[in-house]
Amino acid sequence: IIVISCLTGYLLLVMVYCIPTKNMEAHVRESVPIFLKEGDYPKVTDSTTSQLDNFTDALMLLKASYPMGEGKKVWEYALDATRYDIKGESPVKALINCYGENASEIDTINYQHYWHGYLIFLKPILCVFSYAQIRYIIIVFQLGLFSLLVTRIYAIRKEFIVPTLIMWSFLNPIATMCSLQFNSILVLTFVSMILIIRFKECWKGDLHKWKMFFLLIGILTSYLDLLTYPLVTLGVPITLWLAIDFSINDKLRNSFISSVFWLIGYGGMWAGKWLLGSIVTGDAVIQRAMERILVRTSSIAFDKDFTYGAVLKNELKLIWKYLFVVVVVLIIHFTIKSIQGIIKSSLKDAVIYVIIGTYPFIWTFILKNHTYVHWWFVYREFVITIYALLMMCFQQIGMTIRETKENV
């Protein structure tokens, strides 16, 4: 499946790289005033969580609109992800210099260790729409997906709507709907949740299909994302799956196996890109990718050492309000269970959700450098903790309500 996914993903990239870039360049040129006004990291509101990543959005637009020359073949461009660049400057500066009124000569650079699978959507859309118009499309699309998700959840478990609304609020939709960089993971997460609800009955008890499902989600995450908050496509959907599918006998074991399949898909797809890039282009893609891994897993950033405590401190600055709400809900929940005399069974059911809630802590510990540098958007990984603990409580609340109604 991973090999087929790599070849299919590569073929799709080759196909979109065959599209002429004339219209794309024109629409990127129309978008220059936005980047002139907003800069690299504008905030929609005063909150840090509403900060946009125009830095990476400009990088994505430069890759999508880069015209192919005569030096390389299309199948090489599809792997190289070439863009315009100014050494020592941000992609926003490069975009303005390249497409602004006073366009100047600039260099080019390759970005080979990611798939850049978002280009299979961005290139065709950029032929027709400007960056501002694409933002509106993303807003409508995300709102439509979330509305569909809420209606599906309402149809099966009304009590899960509250945790889902809090989850969406935590991710800060104001920012995710205005940034290309943050869009892929959110859309993939919502689509995964909708599909879980859709197939929960026909795949009931068929754990092989669920393992393949999470394998494919891991593959798509690696293909579309630029290392933003990718673990969310595992943690949030798997929490929903465990909460709504009561046919799973050993939830702890099967959630672990499904998580491993997601990791295999995520890592395998990424490794496939490095291998394919090395074979087709002849460049040292694998070596450079391994160098980046060593950087992202190190405890050094901005030429200084830091501890994991410093990483968590940055994240807690942004999530403490939500954690406070969760702690209050947990205290109320377990107080009620204690009064009812069923605290032991309640704690037993809670174990799996607590374990899933630790996923972001493990992920950020491994990728310490990445988390420390990009703390202002990596904090979204901790939505897994918030969602898992809230779903645990509201699942048992719903069960208690239904049992009470049946007894009456």
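Begin by selecting E38, which counts as partly exposed because its relative accessibility is 27%, a value between the 20% and 50% limits of that class. The structure on the screen is a predicted model.

**First stop: E38 and its partner**

Keep E38 in view and add R135. These two residues form a salt bridge, and their closest N and O atoms are 2.9 Å apart. The pair connects distant parts of the chain: E38 lies in helix α3 (residues 32-38), R135 lies in helix α8 (residues 131-156), and 97 residues separate them. Is R135 buried or exposed? R135 is buried, since its relative accessible area is 12% and buried means under 20%.

**Second stop: further salt bridges**

A search of the whole structure finds five salt bridges. Select D80 and K72 to see one in which the side chains meet at 2.8 Å, N to O. D80 counts as buried, at 3% relative accessibility, whereas K72 is partly exposed, with a relative accessible area of 25%.

Next, select E201 and K200, whose side chains meet in a salt bridge of 2.7 Å, N to O. Here E201 counts as partly exposed at 48% relative accessibility, while K200 counts as buried at 12%.

**Third stop: helix α1**

Move to residues 2-17, which make up helix α1. How far apart are the end C-alpha atoms of this helix? They are 22 Å apart, which agrees with the expected span of 22 Å for 16 residues at 1.5 Å a residue.

Now colour the buried residues of α1, which are S5, C6, G9, Y10, L13, V14, V16 and Y17. To see what covers them, show the elements that include α4 (54-65), α5 (74-80), α7 (119-126), α12 (207-224) and α14 (251-281).

**Fourth stop: helix α7**

Among the covering elements just displayed is α7, so it is a natural selection to make next. In α7, the residues L119, I120, L122, K123 and L126 are buried. Which elements do these buried residues pack against? They pack against α1, α2 (22-30), α4, α8, α11 (180-199) and α12.

**Fifth stop: I286**

Select I286, which is placed in helix α15 (residues 285-296). I286 counts as partly exposed, at 36% relative accessibility. Leaving aside residues up to four places away in sequence, I286 touches W274, L275 and S278. Add G272 as well: I286 and G272 are 14 residues apart in sequence, and their C-alpha atoms are 9.9 Å apart in space.

**Sixth stop: a nonpolar patch**

Switch to a surface view and select W320, F324, V325, V328, I332 and I336, which make a nonpolar surface patch of about 580 Å². One of these residues, I332, is found in helix α16 (residues 308-340). I332 is partly exposed, with a relative accessible area of 48%.

**Last stop: confidence**

Finally, colour the chain by pLDDT. The chain averages a pLDDT of 90, and 92% of the residues score at least 70. Which element has the lowest mean pLDDT, and which the highest? Among the elements of the chain, helix α17 (residues 343-357) has the lowest mean, 76, and α7 has the highest, 97. Where pLDDT is low, the predicted coordinates should not be read in detail.

How values were computed:
Residues numbered from 1 in each chain as written. Predicted model: local features only at pLDDT ≥ 70, side-chain atom pairs only at ≥ 80, totals over all residues. Heavy atoms only, no water. Patch = residues over 30% accessible without salt bridge, like charges linked within 9 Å, V, L, I, M, F, W, Y side chains within 5 Å. Areas by Shrake-Rupley, 256 points an atom, 1.4 Å probe, with all protein chains shown as cover. Salt bridge = Lys/Arg side-chain N within 4 Å of Asp/Glu carboxyl O. Helix = DSSP H or I, 4+ residues; strand = E, 2+ residues; numbered from the N terminus. Buried < 20%, exposed > 50% of the residue type's maximum accessible area, 1.4 Å probe, protein only. Expected span 1.5 Å × (residues − 1). Contact = heavy atoms within 4.5 Å. pLDDT = per-residue confidence, 0-100.
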